Amino acid sequence: MSDSANASKPSSSVKLVLLGEAAVGKSSLVLRFVNNDFQENKEPTIGAAFLTQKCSLPTRTIKFEIWDTAGQERFASLAPMYYRNAQAALVVYDITKPSSLTKAKHWVAELQRQASPGIVIALVGNKSDLASDNGNGNESNSSGGSGGNPGEPGPDAETTGDAISAGQDGEGNNDAIEGSGENAEEESDEAAARDARKVSTREARTYAEEESLLFFETSAKTGTNVTEVFTAIANAIPESSLKGGRGAGAGTGQTGLGGRAAEDSRVNLGDRATATAKEGCAC
Amino acid sequence: MDPPNDDHGTPELSEELRDRSSSERQSPAPTSRNRSVSPEGPRPPLPPRPDSLNLLADESASARAAGSAVPENLQGKATTAVSLTEISSQPNTDGVREVSAGAGLRSLPESLRVKASLSQPSSSRVSEAGDSASIRSFAPGSEAGQVEDLFGDFSGTEAGSQRSDAASLLEFPGLRDDSVDQFLREFDPVGELNEDGSNEDIILARWKAKRKHYLILSAAGKPIWTRHGEGGLISSYIGIIQTIISFYEGSDDHLQSFSAGDTKFVVVTRGPLHLVAISRMLESESQLKLQLEALYMQILSTLTLPSLTHLFSIRPSTDLKRPLQGSETLLSTLADSFTKGSPSTLLSALECLRIRKAHRQAINNALMKTRVKSLLYGLVVAGGRLVSVVRPKKHSLHPGDLQLLFNMIFEAEGVKAGGGESWIPVCLPGFNSSGYLYMYVSFLDLRSETATIADEAATKEDSVAIILISADKESFFELQEMRNAFVEQMEKNESIKIIKAAIEKGRPIVGDIVPGIPLHHFIYKSRANVQFTASSYEPEFSEVSKRQRLMSVYNNLHAGVHSKHTHIKIHHCASQFASSFAWVTPLFEFYCVSGPSASRNALAQSASKIVQWVQREEERLFIIGGAIF
């Protein structure tokens, strides 16, 4: 597979898994990415859906093999099957539902513990269209968008904050900015009417920085930032590990590196990878 | 198989029928209409053809029958049931009635034998029906309750109304547009309560307007799922149901069903769950029970029996809502398919796509050829109709299990809307209720050749799914490869085109099968194959509400020929607007509906012609054997 594709613009497969609480919009993100489509009131996913989509980068083509898992608890025990060989994970929460961020944190911890050490994890706050500041945060939200450098989102975070506070109507923005942590929960009625956001960008971003995750706020409904997430993931996956196609990292013994998406982990992964795509698939 | 003329003597039948219709003309209209056969008595009069019935009027009028408890005179009431072959061997119907009445009341506490009046609880509202309801209860295992519905006006309350409503159900031509809307509204959500509860009255009114309710609650009284209305809105009603059920359990009895006016309440208790159906849609107790069983199977399919049992054994007050989260839509679509009327559920049988035997063989061969090690069952299904099956020799497929799968795949949006291939853990309770199987599902894109991909327009009927089931949860990619190889095979041998053409052709129209016969619609169930075939709903029954009525007529016929203590082989039902006819033999069940002008003779002859056609086409209409490894 990758042998033949190594020509001018190499193409490689990336296994990606979506995790997160029920009804945060995992399937909607995927459908937006794959079909550029959005369905209001989509029925919950049952089990898991498998989709593929190509993502074209300047130097190569990435074929995402996406596992869109159901968020219900009873399916949680099946999750390891989907993330075991994954090179990337989208952990999704709903910016209007603080409990979904908590759940997302659990997923991140589980991935860091159990998944391939080199896995690229993106934390995604979906439903940004429900926040009143949705209109202007677009560019700045895509912190890792071009750089592919999840490890240093520092300056980006500030820019985002600025961009948001410089935004249009006062109340909503204040709410979004101050909403970090405790404040996010309590919300005045008037604000609720305009702004359903209950997880502040800053809170989630801070967490993402601590854990070295890519971070985005997206709207599957409007399409905001959706392609950007996948592009950023494609960029964040080191070229070396791509040669191996999917599933190179299963059962690797690099425990010392934990889940931190450290660069050397990826390099090692790349070394271990073989050029056969099919073989890597243990499913 | 014998055509009816041989064994059952159509000429005889028509003679009998003529006699009966003449007596009908002479006799005054009985006040309550029944069917029973009393060989000794004088030939009973036939029911009058109701002349001014419409469904809505009847629903309100049906209350008139309420109030009569157990009548004493069980003799020779009107009948439209005709049993030709069994008429002499049939036990005395009076005897049957005594048995059923006895069974119904035998084990009830003395205090319950008389009809209990459900007075309005002071605390909360009760449905209109409940206010003045009379409760009748049937003892456990009393299948006889069903007999009552069909035969006796001693069941008073609902039997009378059922008869008259059943007649009005046949009123297809008189269906007004507003009643169409009303039926479609049955499936609308009732809406949500405001935070201050200000709209409670409106929402409750909408809730009460539903003609059918399903409630599932735990033995401890916790609401688990309701088709309409949220727990908070209707908790008082859940409480009442729970109280009634536990009242009977307190005396070591199990409440099975009761009626209030034209509303029937049926309770099925399975392990830690009570499932309740409340219907104003003239369904029989056994039919409602079947529906509740299917809902229970859906719950098992989601959780498996051991895990359901475990949840409640460690904590009887478990809130099952959480473990079932996400599967509510499956329950709802299943419930709605019952409400709309599902021949598959009614007959506990499957429908197949009609294709040539050789074509089906080619698909079977492709399945066999591409079969992978981990495959347990492989199915090709076109919009709920089976195209091909591959299965191991020692395991057959259970219609109930397939019904759950088809509901999940074709009715509920969750799988299809995923937009890709699916990998779904599912328990098939008929196969094994204690564990999960893993199901690979992918849809064929039949439109790729003709048009650009417009999957939105793809309806349930014309979507084709390939379903591969394995016991190994790691086998997704293996099955995916099998699917790809299988589809390639089918493209090579043109099977895909054949399936597509068969789907486009649709079900046959009666007139195309046998020109000139008066039937509007029929269903034929092959008992041996557990499969059925039906004619097209077009043009008479293309609207969902008319289809629902058609199904109600079939419900009624089916109940008529399936009560435990009857030996009815032929069953005819007539109204001013339509006639319906059922014919049951050990090999098949046949049900049909025609316009009101069709004579019974003509119906019987048409039936026999259709049956002959089905038997000629048997290997196209049904999957016989299938691919077995």
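Two strands pair if DSSP finds at least two bridges between them. Keep that rule in mind, everyone, as we go through this structure, which is a predicted model.

Let's start where the two chains meet. Strand S2(A) pairs with strand S12 of chain B, residues 421-426, and the two run antiparallel over three bridges. With three bridges, the pair meets the rule I just gave, which asks for at least two. If you want a spot to click on, take Ala48(A), which sits opposite Trp423(B) in S12(B).

Now zoom out a little. What is the order of the strands in the open sheet of 12 strands? Going across, you read S6(A), S5(A), S4(A), S1(A), S3(A) and S2(A), and then S12(B), S13(B), S14(B), S10(B), S11(B) and S20(B), with mixed pairing. The edge strands are S6 of chain A, residues 214-217, and S20 of chain B, residues 627-628, and each of these pairs on one side only. As a reminder, strands of a sheet pair through backbone hydrogen bonds, either parallel or antiparallel.

On the chain B part of that sheet, have a look at strand S13, residues 437-444, and strand S14, residues 464-470: seven bridges join them, and they run antiparallel. There, Ser442(B) has Ile466(B) in S14(B) as its bridge partner.

Back to the interface as a whole. Chain A brings 27 residues to the contact and chain B brings 29. Between them, the chains bury about 2300 Å², with 58% of that on carbon and sulfur atoms. Which residues of chain A lose the most area to chain B? Those are Ile46(A), Phe50(A) and Arg74(A), and together they account for 28% of what the chain A side buries.

For those of you who like polar chemistry, there are six residue pairs in polar contact across the interface of chain A and chain B, with both residues at pLDDT 80 or more. Strand S2 (48-56) and helix H3 (79-83) of chain A each supply at least two residues of the side that touches chain B. The largest share of that side, four residues, comes from S2(A). By type, the chain A side divides into 16 nonpolar, four polar and seven charged residues.

The count of salt bridges between chain A and chain B is two. In one of them, the side chains of Arg84(A) and Glu474(B) meet at 2.8 Å, N to O.

Over all chains, the structure holds 16 salt bridges. One to look at within chain B joins Arg270(B) and Glu293(B), whose closest N and O atoms are 2.3 Å apart. Why does this pair tie together parts that are 23 residues apart in sequence? Because Arg270(B) lies in strand S7, residues 263-270, while Glu293(B) lies in helix H12 of chain B.

Staying with chain B, UniProt lists residues 212-334 as "domain: FUZ/MON1/HPS1 first Longin", in an unreviewed entry. In the model, that span is 49% helix and 24% strand, and its end C-alpha atoms lie 13 Å apart.

Finally, two backbone details in chain B loops. Leu282(B) has phi near 60 degrees, a positive value in a residue other than glycine. You'll find Leu282(B) in the loop between strand S8 (273-279) and helix H12 (285-303). And the peptide bond from Glu538(B) to Pro539(B) is cis, with omega near -10 degrees. Pro539(B) lies in the loop between strand S16 (531-534) and helix H23 (544-562).

Thanks, everyone!

Key. Residues numbered from 1 in each chain as written. Chains lettered and ligands numbered in written order. Predicted model: local features only at pLDDT ≥ 70, side-chain atom pairs only at ≥ 80, totals over all residues. Heavy atoms only, no water. Contact = heavy atoms within 4.5 Å. Buried area = accessible area lost by both parts, 1.4 Å probe. Salt bridge = Lys/Arg side-chain N within 4 Å of Asp/Glu carboxyl O. Polar contact = N/O pair within 3.5 Å; in protein donor to acceptor, adjacent residues only side chain to side chain. Nonpolar A, V, L, I, M, F, W, Y, C, P; charged D, E, K, R; others polar. UniProt positions renumbered as here; feature names shortened; annotations may be inferred.
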